[in-house]
Amino acid sequence: MPPASSPLSAQALASWDANATYWDHSITRDGNKYWRRLQEPSLSRLLAPTFSRAQDTRHGIRALEFATGNGLCARWLARQMRTLNPRGGGEVLATDGSEEMLKVARGYYEEEKGVVVRWRKVDVTNEEDLETLAREEGRFDIVLMNMAIMDVADIEPLARALRGLLSENGVFVATLLHPVFVTSNASRHIEVRNNPETGNLEVIRSKIITEYLSVPPYRGIAVPGQPEKQVYFHRPMNELFTTFFRAGLVMDAMEELAFGEEDALERIEASSNYTQLPFILSFRMRLA
């Protein structure tokens, strides 16, 4: 991976400034189908033990979000905290390396009674940003990074910083595009054939993966029509997880998320039609 100071890393961050408004209009304030059908249900499952423990002990949760985007997850976390403790308590610190994204997020926020939500610019590839964050903000029960790891040039500073950001029982939860079936640049293959038993045409979908262990950073789009192409940073799973293991974390949960038959679209090539191949990977880690 390129160092955080590389031109490619700077371009990656700059693309989010350029795409912030357009991306937000597509994803929307309340999230798209990827959020509703895949990300939010998985985050709810992975964070359930933390939410349950907080409810049992009446302990207000402190949550830190990296790469908040339009603030979707930050607002979701605040709502969860409000539900857990209607009398108040809890705090969300939402951060992003893009000032334009933070402007969008701040514009959406409506106070959840009793839950403090704050915003801060933090570049997760910048050691100084992360050290200052830990020194000034302390430790958190939840550190969340939703659908952003593949947009980050260097995740080692983040992995090292988690030792100073997670509380004793804190968890780091992340989601990202699946390294095998998406960021490897896998091609979608569609075969239409006659079923000899029924006499009906059937569609067989598969993906062809020709590269996985070493895929250079490349430019692509998340939303058709976005003003500027963003940079994707592929990591095979051993590289992804080992980065955090070396920093002293252990993984205790992982999910591979795919759409169901009920999510199928008429567009034959749509990602949601590939119901046997996961589109998103989610995982939970804690300090060893």
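Contact here means heavy atoms within 4.5 Å. This is a predicted model, where local features need pLDDT of at least 70, side-chain atom pairs count only at pLDDT 80 or more, and totals for chains, interfaces and linings use all residues. Residues are numbered from 1 along each chain as its sequence is written, and side-chain values use heavy atoms, with hydrogens and water left out.

**View 1. Met145 and its contacts.** Leaving aside residues up to four places away in sequence, Met145 touches Phe66, Ala67, Val124, Val152, Leu158, Phe172, Val173, Ala174 and Thr175.

**View 2. The largest nonpolar core.** A nonpolar core is a set of buried Ala, Val, Leu, Ile, Met, Phe, Trp, Tyr and Cys residues joined through side-chain atoms within 4.5 Å; buried is under 20% relative accessible area, exposed over 50%, partly exposed in between (1.4 Å probe, protein chains only). This one has 48 residues, and Phe66, Met145, Ile149, Phe172, Leu240, Phe244 and Phe283 touch the most other members. Apart from it sits another core, of 29 residues, including Leu43 and Phe51.

**View 3. The open sheet.** Seven strands line up as 3-2-1-4-5-11-10, with mixed pairing. Strands (E, at least two residues) and helices (H or I, at least four) are DSSP runs, numbered from the N terminus, and two strands pair if DSSP finds at least two bridges between them. The edges are strand 3 (116-121) and strand 10, each pairing on one side only.

**View 4. Strands 1 and 2.** Strand 1 pairs with strand 2 (residues 91-96) in the parallel sense, over four bridges. Leu64 stands opposite Leu93 of strand 2.
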